[in-house]
Amino acid sequence: MNALPFSVIKIRRVTACKTGCNCVLFAYSDSKIKMMKALPLIVFFLIYSAGCFGQDYKVIDTVRLTCEYEYYFQQDSASKNTPAYQNMILQVGKNYSKFCTKTTLLKDSIIYAKQVGGSSQSIMDKLVKIAQGSPNNLLCKYEIYKNYPQKVFLTLNSLLNRDYKFQVVQTAIIDWSVDERDTVICGYNCNMATTSYAGRRYVAWFTSEIPVSEGPYKFNGLPGLILYIMDDQKQHVFKIISIQQPKLVRQILYYDDNYLKVSPEQYVLGIQKSKLYTREFVMGLSTTPERRARALYNLDIKNNFIERY
């Protein structure tokens, strides 16, 4: 593996941060995690993952840098009492990058292992363990590839369920205003930048000490890695947890499917339409009225996607 043209130091906690985040990982109890676990989600996960065995993953790059972010978001646009958290991974390669949930990344790597000759039973055992963990929130069911299939473009692939498979291909260019203000986040000297994107205004903190023009979600284009970004209503927040250069060779995997190509606006509408499919599934489950009501509530509050049109 080629050495990076800069050094990656271990993330260290700081007690003072002008962003107000204190660089401390949000904590939530095991009981809350258990509440997020639902049989329908596990069933969906396993059925769909098993179906993926017949599909091919393509290696498009080698990972040079792995960045883990915690994504906090308000699920219901009308209620601050609907917080959710998802760990997200940014893989940066020489030519391309990939951004998705940590759960999706693990699933992809396990199924790719089957593709190259792994044991089916071993793969299913690992998938079951993943499914028993924290599932992907509906508002995070995407994989974003920057500079793929070509420079200054990005591709968002989303498998919401078996009937809703979307692909968005758009320009990756974002206009930033860099501010003179600075701070220290997790031991890195950072500068501030602002932008308006997809219906929201954002404040970002980036570090030129890691000179890769990358960041979480679709954010990119600054002269350094984005460590923290938040919209002005504090409904969507990404903050760095760890930055690592892999010791072993890791591939950036691309999974293709029969995606329906849509615009960003159509994708947001598709998320809401896909909820009708899930609602029908929940209504057909043999369960108690209380559990069904809770499942429907958890589905209905997911109306505040990061992009707003």
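This section describes aromatic pairs and salt bridges in a predicted model.

A search of the whole structure finds 20 aromatic pairs. One of them joins Tyr69 and Phe99 in an edge-to-face arrangement. The ring centres lie 6.5 Å apart, and the planes meet at 70°. The planes are over 60 degrees apart, so the pair counts as edge-to-face rather than tilted. This contact links distant parts of the chain. Tyr69 belongs to strand β1 (residues 57-74), whereas Phe99 belongs to strand β3 (residues 97-101). The two residues are 30 residues apart. Tyr69 has 0% relative accessibility and therefore counts as buried. Phe99 is also buried, because its relative accessibility is 0%.

A second aromatic pair is formed by Tyr217 and Phe219. Here the centres are 6.2 Å apart and the planes stand at 55°, so the pair is tilted. Tyr217 counts as buried at 1% relative accessibility. Phe219 counts as buried at 0%. Both residues belong to one aromatic cluster. The other members of this cluster are Tyr142, Tyr164, Phe166, Trp176, Tyr197, Tyr202, Tyr267 and Phe305.

Charged side chains form a further set of contacts. The structure holds 7 salt bridges. Lys102 forms one of them with Glu68, with 3.5 Å between the closest N and O atoms. This pair, too, links distant parts of the chain. Lys102 lies in helix α3 (residues 102-115), and Glu68 lies in strand β1. Their separation along the chain is 34 residues. Strand β1 thus supplies Glu68 to this salt bridge and Tyr69 to the edge-to-face pair with Phe99. The two partners of the salt bridge fall into separate accessibility classes. Lys102 is partly exposed, at 36% relative accessibility. Glu68 is buried, at 11%. The value for Glu68 is under 20%, so the residue is classed as buried.

Arg181 and Asp179 meet through their side chains in another salt bridge, at 3.1 Å from N to O. Arg181 is partly exposed, with a relative accessible area of 49%. Asp179 is partly exposed as well, with 26%.

Arg279 and Asp300 form a salt bridge in which the closest N and O atoms are 2.6 Å apart. The pair links distant parts of the chain, 21 residues apart. Arg279 sits in helix α5 (residues 264-283), and Asp300 sits in helix α6 (residues 289-300). Arg279 counts as partly exposed at 28% relative accessibility. Asp300 counts as partly exposed at 37%.

Definitions and conventions. Residues are numbered from 1 along each chain as its sequence is written. This is a predicted model: local features need pLDDT of at least 70, side-chain atom pairs count only at pLDDT 80 or more; totals for chains, interfaces and linings use all residues. Side-chain values use heavy atoms; hydrogens and water are left out. Rings of Phe, Tyr and Trp (its six-membered ring) pair if their centres lie within 6.5 Å; planes under 30 degrees apart count as stacked, over 60 as edge-to-face and the rest as tilted. Helices (H or I, at least four residues) and strands (E, at least two) are DSSP runs, numbered from the N terminus. Buried means under 20% relative accessible area, exposed over 50%, partly exposed in between (1.4 Å probe, protein chains only). A salt bridge is a side-chain nitrogen of Lys or Arg within 4 Å of a carboxyl oxygen of Asp or Glu.
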